[in-house]
Structure formats: structure tokens, C-alpha cells
Amino acid sequence: MNWWFIICMGIYILIMIGIGIVDARKAKSFTDYAVAGKRQGTVTVSMTLLATMLGASATIGITDTVYSIGFPGIWWLVFGAVGLFLQSLLLSEKVRNIGADTLPHLAEITVGRAASVLLAALITIAWVGVVAGQLVAMHSLVTFATGSSSKWLMLLLSVIVIAYTALGGQLSVVKTDRVQLVVILAGILLMVIWLFASTPGSAADAAERVELLNDSYGPMNLFTQFFIIGGVYFLGPDILSRNFLSKDGRTARRSAGIAGVALLAVAFLITMIGLWARGHVTAEEMAGQKTLMYVISLLPKWISVIMSLGLLSAILSSTDTCIINAATIFSRDILGKKSATVIRFAVLGIGGIATAIALLGSGNIINILSGAYSIYTPGVIFPLLIAILAYKKKGIKKPLWLAAVAVGGCFGLVGTFLGSTLTDWGVPEGIVSNLSLIGMGVSLVLALMSVRWKREGV
């Protein structure tokens, strides 16, 4: 058992709990608890945004993908950065100035109450899966660090992250994100430096492996990920939640741009780790381990401890954000309660359900998160974008707009979970594998049809 990791993790967790306890006394109002007072500056918003994005998918998932398909695995995070750039250019300032507290609240302001409830239900259900995916990744880390598959320790860590999130709300999440981001970046940077400095010729070997497309990742994959993954970073509930914390529209716009640039740099570093493993480690040597975990085991002890804590930070920083956002959305937009106490109970409930799912299951992190995103993106991105752009300029025909969300989401749901059944029924594979994209197209058409091009009132 890695006692150094256990000791350092214990100290680290105590710091997180301490932050939660301190902020519990400050986060009494809904605004302080749910949106950190809406007074956060550019540095804080940029850091919490980047920490939120660097979760299990961006670390464990991307290194596995790069090891499997090569350099094109970088596109997941590149499209994330593109989504942020587009948000910064087109939406960040406008969204912040609307004054919403959550993404469904944004839909309520621009479309109506029914839109808020529909989006809130879709996000709450999908994001339970996202949280469970992060906790599955935490279990992998705990297993690696302790040398045994300890679900009790995983349960303890899950309870701790749920507890400090419930105590301080967004005020705690913002502060813990800053600590976690520093640990994440330190671990990744030290790891890349050691890997390439200690292995002569590895940098040249990695450079030869750089290719934007290959047999495992073709133009259609590129096209699909641009919309499905880029869409989540452009108008996802966790990304926009950082917008709502900003003190003004200019801060939101600048923070999205800064985080996009930083994400590109981190994407390159994480991809380099995957390429190093692809060139120096065989599948037989890894014996089923996650790529990043195996490479960490090759590092000097002090670097491996820092990187393991960085990985834990990456998982926790995304997990706490997902939990508090889903809980706030459930409380405010489904129950109609603007209460810190109600959100705290929702944090406990959503966190508990996600923990149970994680304890009972396992799986590929990218597949878990892609599944959740494939339901959310087709149903929400285009209708919400059009509603924002039409706000105070054009009216919205609510039934058609709601149909756009429902139909798009159903296409994604069917494509994600019933694809093999459709194939067995004789539906062409080309259609089945692109149902999420088809859903986005149908959703876009219906959303455009919902706009009252001659203003008749919202």
C-alpha cells in the first residue's frame, strides 16, 4: 500500500473539509450558496472553469484514448477549447447579462417555465450519470493507489466530497477548485518533463506519431465530436455555471477565452503522456490497467504521489461541480425552491444515487460521459442557442421549441442505448451510429421553426 499517498491524501481531504466548514457559515442565502454571490473575478472564474473541465474524461479517459487510437485522441479537448472560444465570442457576455442562476433558468427567462422544467429534468437525470462516471474513475485511482479494490475507501471519499459540497456550496467549490487546479497542473507538468527527459529519443518518437486523422479516427469522427463534445463546452450546464458566478459579462467573456487557451496547452501535455505510453508500453505490460495509472507507477515516488493527488484533484473538481449544479437545478428549476437548505438535501440525494451507481458498476469513462453528452447535446444546444439569440428580439412558439428539445434528446437517447437493437431490426449502421447528429439537425430545424420572425411577443 502507498502510505505516502494515503497520508498526503488525508491531509488534502482535511483541507477540503475545512474549506467546506468555513464556507458553511457564509453560504446562507441562495445567491451565496448556489452562485457564489455572483461576484467572482476573472482569475477565479478562469481557474474554476479549467478545474471543472479537467476531470476524469480529460485525464484518465484521454490518455486511454490516445493510447488506443493515437494523436487524434487530442480532438476531444481541442473541440472543448473551440467550444469555449465560440462561447466567449458569441454568448458569454450576453448570457451573463440576462441574469440567470442556472441553465434551465436561462431557458425559463428566454422561453418560459415549461422549458425550464424540461431542461432541468433532462440535465438532472443525465448528470447523475456524469457524476457516477467521475466516481468510477475515483475507484480506479483508489485501487491503483492502495493496491486493492477498496470500495469502502471509495465510499468514504464519495461521502467526503458530497459533504464538503453540501456544506459550503459554490463558495466551497470555487475555493477548492483553485487548490485542486494547482495540484492537477503541477502533477501533469512534472510527469511530462520526467517521462521525456528520462527517455532519450522519446520526444522525436512522439513527434513522428503526430497525425490529425488515421484509420481509427476519420473525418466522420471529427465531425461528430465537433458538435457533440464542442456543444457541451459551448452551452453545457457545468461550463455555463461558471458564467453565472462571474461579477459581470466582461468577466464571463474573458474567463471563457482564457480557459480555452489553457485547455489547449493542457490537452497537448495529456496527449503527450498517452503518446509516450503508446511508444514505450505494451498492452501486455499494462494488463488491463488504465494507461495513466500504469505510467504513474513508473514515476519516482515523489512525482507519483504528486500526480496521484493531481488525478484525485481532477476527479474531485469535476465531481463537486457536477453535484452542486445538478442539485441547484433540481431544487430551483424543478421544485421551484430558492433555498440553500433544499439544495443541500438535493446534494445529498443526487450524490448518494450517483455513488450507488458507481459502486455497482464500472466501465470506460469516455463511453460513460459520451453517453450522457449524446443525450444532452442533441436536445439542448441548438434550441437554447436560438432562444438566447432571439431573446428580446423575436418571440418563441413554445410548443415547437419544446418539441425541438424532446425530439433531439430522444434521438440521442435511442442512439446511445438502443443502437444495437436498431441494427438487429435492419436499420443501416450509418444511420444508427449518427443518430445524435441527426437529432441535432432535427432539433435545429424545429428550433428555427419555433422563432416568430415577426415579433408578436414572447
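Trainee: So a cavity is a set of points, on a 1 Å grid over the protein atoms alone, where a 1.4 Å probe fits but cannot get out. How many cavities of 30 Å³ or more does the structure hold?

Mentor: Four. Bear in mind that this is a predicted model, where local features need pLDDT of at least 70, side-chain atom pairs count only at pLDDT 80 or more, and totals for chains, interfaces and linings use all residues. Residues are numbered from 1 along each chain as its sequence is written, and side-chain values use heavy atoms, with hydrogens and water left out.

Trainee: How much space lies in the second largest cavity?

Mentor: About 80 Å³ (the space filled by probe spheres set on the points, which are joined across faces, edges and corners).

Trainee: Which residues line that second largest cavity?

Mentor: Lining residues have an atom within 4 Å of a point. Among them are Ala-34, Asp-101, Gln-170, Phe-244 and Asn-325. Helix 2 (30-35), helix 12 (237-245) and helix 16 (301-334) each give two or more residues to the lining. Helices here are DSSP runs (H or I, at least four residues), numbered from the N terminus.

Trainee: And by class, what lines the second largest cavity?

Mentor: Six nonpolar, five polar and one charged. Ala, Val, Leu, Ile, Met, Phe, Trp, Tyr, Cys and Pro count as nonpolar, Asp, Glu, Lys and Arg as charged, and the others as polar.

Trainee: Back to helix 16. At what angle does helix 1 cross helix 16?

Mentor: Roughly 40°, and the axes come within 10 Å. Axes are lines fitted to C-alpha atoms over the stretch in contact, and angles run from 0 to 180 degrees between N-to-C directions. Helix 1 and helix 16 are therefore oblique to each other. Oblique is what is left after under 35 degrees (roughly parallel), over 145 (roughly antiparallel) and 65 to 115 (roughly perpendicular).

Trainee: Which residues of helix 1 make the contact?

Mentor: Contact means heavy atoms within 4.5 Å. Trp-4, Phe-5, Cys-8, Met-9, Tyr-12 and Ile-13 of helix 1 make it. Their partners on helix 16 include Val-305 and Leu-316. The contact of helix 1 with helix 16 has ten nonpolar, two polar and no charged residues.

Trainee: What about helix 16 and helix 17, how do they cross?

Mentor: At roughly 120°, with axes within 8 Å. Helix 17 covers residues 340-360. Helix 16 and helix 17 are therefore oblique to each other.

Trainee: Which residues of helix 17 are in that contact?

Mentor: Val-342, Ile-343, Ala-346, Val-347, Ile-350 and Gly-351. Helix 16 brings residues including Ile-323, Thr-328 and Ser-331. By class, the contact of helix 16 with helix 17 has ten nonpolar, three polar and no charged residues.

Key
On a 1 Å grid over the protein atoms alone, a cavity is a set of points where a 1.4 Å probe fits but cannot get out, and a pocket is an open set with protein on both sides within 12 Å along at least five of seven lines; lining residues have an atom within 4 Å of a point.
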